[in-house]
Amino acid sequence: MANGRSKMSQNQVEILQDDQPLNPYTEIQILPDHTDLIKFLLQISENKFLSVSDDNTGIIWDIITCLKCSMLVGHTRPITCATLVEPTSDDRPPGAEVPPSSPFLLTGSSDKTIRLWSTETGTCLRVISEHNATTKAILSFPKSGLFCTGGQELFLWNSQRQLLHQVSQESEAGNSDCPLADIKHMLAIPDDRFIVAAGCALEVYAIDTQIGQLGVTSYQLRRVKKLAPQHREAVMCLTSVSDSYFASASLDGTVKVWNTRTLGTSRQLNHIKDYERNGFPWCVRHMLPLDKNHLCVTIGSGLAIFDIISGDCLWKQLKAHYSKITFVSVVYDGKFLATCSEDGMVRLWGVDTRLKVAEEGDYSGEEFSLHKFDSIVQASRQSKETRRLFRREESRPPILCLQGECVAHSGAVQMVLDFREEGMVSCGADGLVILWKDGVTESNKRNDVIREMLHARSGLF
């Protein structure tokens, strides 16, 4: 047993059996201001973030003070999506020479409105209701100030929050397995194009720019292409891997890697031939690009790292949690992968201390020496050499191993945000926002404050 871990196969859930000496998050701060399930978190700045709940509100928090900055009150139904948009000259307050420097928040809701908020005060600055439909996805284009919203249809808006163009979805004739569905995911790709996911289908759109006779610029959405072959089940997430590739994943567990230039499939990862529709045990809820070549994928209750160029699975843990994983993120300055799950836990995965590339391509069978951990990406690259050193799969050392658990939520954990030295934030179905702090760092901060107070007091005498 190493570091107090029980020796278990990848088909079993690993259990930590000691005081977790490698887990830095030993202090927590619970923020219970929401009254319903918290859907997601959005980072606003280096020290502020937004939490969005089914109680129809959003709250802006300060990670350093652990205090509520403002509450977004106005939606009459749950907020479904949110994004940041840069202020424009039209957002300049009366009498001001320049527009605000802080970004604004755009939120979409099932109350059929879109609202614009100040991130400084939490004030609702504008209500948009021209589309008269539920908004399930928002995508902003910072360079042009435009943004798109999706639901039953696709809408394009300008920086003045005026509706420019509206596109209806095309139904798939004769395809009863994948009927017309709402747009739930959008992703920007190079050359002013973006991907729209609705049900099983992926479509590519572009924003065309036209300059009129009086020099007035107009914008219009153009459907470029429907990607094929489409997924067998509904698309659950989209992510950009690099300027050259993006990935889509679905309920059946399949991950498709697409070329942004040709708009064709480059790789298909984790294809499950005989997948189960009952409960979709291999559902991919989230993907995280580790660099331009490596993709971390949640697969049901498991986790895997793929090389998108070769298609190789470099590491896989079939049972990383007791229930499905909802989110994965790199935290603590790149030292851990944090996985959130429906089992109510956040688990921390780090490079196995036994991992080492043997000299001269030979493995002596001795215990691995301590591997200096620079990043998870380095470990996944190193595994290529490890695969050559170990002929049998069961004899290969894992890239990552369980190094900590953060247990405080009483329901499914939805996602986490990393604030580096200031800690990690999680939210859950229990309506709680929890700040996880490095106990050593926080203790040092308190000691510094005490020393400053004693020094100031001594100067009075």
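Leu 263 is found in the loop between strand 20 (255–259) and strand 21 (265–269), where strands are DSSP runs of E at least two residues long, numbered from the N terminus. Phi of Leu 263 sits near 60°, a positive value in a residue other than glycine. Most residues other than glycine have a negative phi, and most peptide bonds are trans. Leu 263 is also buried, with a relative accessible area of 5%; here buried means under 20% relative accessible area, exposed over 50% and partly exposed in between, with a 1.4 Å probe and protein chains only. This is a predicted model, in which local features need pLDDT of at least 70 and side-chain atom pairs count only at pLDDT 80 or more, while totals for chains, interfaces and linings use all residues. Residues are numbered from 1 along each chain as its sequence is written, and side-chain values use heavy atoms, with hydrogens and water left out.

Asn 132, in the loop between strand 9 and strand 10, also has a positive phi, of about 55°, although it is not a glycine. Asn 132 is exposed, at 53% relative accessible area. The backbone has a cis peptide bond as well, joining Ala 228 and Pro 229 with omega about 0°. Pro 229 belongs to the loop between strand 17 and strand 18.

Next come the sheets. One open sheet of four strands runs in the order 6-7-8-9 with antiparallel pairing, two strands being paired if DSSP finds at least two bridges between them. Strand 6 and strand 9 are its edge strands, each pairing on one side only. From one strand to the next the twist averages 20°; axes are lines fitted to C-alpha atoms (for helices over the stretch in contact), and angles run from 0 to 180 degrees between N-to-C directions.

Strand 8 (residues 114–118) is mostly covered, with five of its five residues buried. Ile 114, Leu 116 and Ser 118 point one way, Arg 115 and Trp 117 the other, and all are buried. Towards strand 7 (residues 104–109), strand 8 pairs in the antiparallel sense over five bridges. Across that pairing Phe 104 stands opposite Ser 118, and Thr 107 faces Arg 115. The hairpin of strand 7 and strand 8 has four residues between the strands, and Lys 112 takes a positive phi near 70° there. With strand 9 (residues 124–128), strand 8 shares four bridges, again antiparallel, and Leu 116 stands opposite Arg 126. That hairpin, of strand 8 and strand 9, has five residues between the strands, with Gly 122 at a positive phi near 80°.

Another open sheet of four strands has the order 14-15-16-17, also with antiparallel pairing. Strand 14 and strand 17 (217–226) stand at the edges with a single partner strand each, so one side of each is left without a neighbour in the sheet. Here the twist averages 30° from one strand to the next. Strand 14 and strand 15 run antiparallel and are joined by six bridges, with His 185 opposite Ala 197 in strand 15.

His 185 turns up again in the largest pocket, which is lined by 40 residues, with Phe 40, Lys 184, His 185, His 286 and Phe 327 nearest its centre. On a 1 Å grid over the protein atoms alone, a pocket is an open set of points where a 1.4 Å probe fits, with protein on both sides within 12 Å along at least five of seven lines, and lining residues have an atom within 4 Å of a point. About 1800 Å³ of space lies in this pocket. Elements giving two or more residues to the lining include strand 2 (38–43), strand 6 (79–85), strand 14 (183–189), strand 15 (193–198) and strand 26 (325–331). By class, the lining has 24 nonpolar, ten polar and six charged residues, with Ala, Val, Leu, Ile, Met, Phe, Trp, Tyr, Cys and Pro as nonpolar, Asp, Glu, Lys and Arg as charged, and the others, Gly among them, as polar.

As for aromatics, rings of Phe, Tyr and Trp (its six-membered ring) pair if their centres lie within 6.5 Å, and planes under 30 degrees apart count as stacked, over 60 as edge-to-face and the rest as tilted. The count comes to nine aromatic pairs. The rings of Tyr 25 and Tyr 332 have centres 5.8 Å apart and planes at 80°, so that pair is edge-to-face. Tyr 25 lies in strand 1 (residues 25–31) and Tyr 332 in the loop between strand 26 and strand 27 (336–341), so the pair ties together parts 307 residues apart in sequence. Tyr 332 and Phe 336 have ring centres 5.9 Å apart and planes at 45°, so this pair is tilted. Ring pairs thus link Tyr 25, Tyr 332 and Phe 336 into a cluster.

Methods
Grid points are joined across faces, edges and corners, and a volume is the space filled by probe spheres set on the points.
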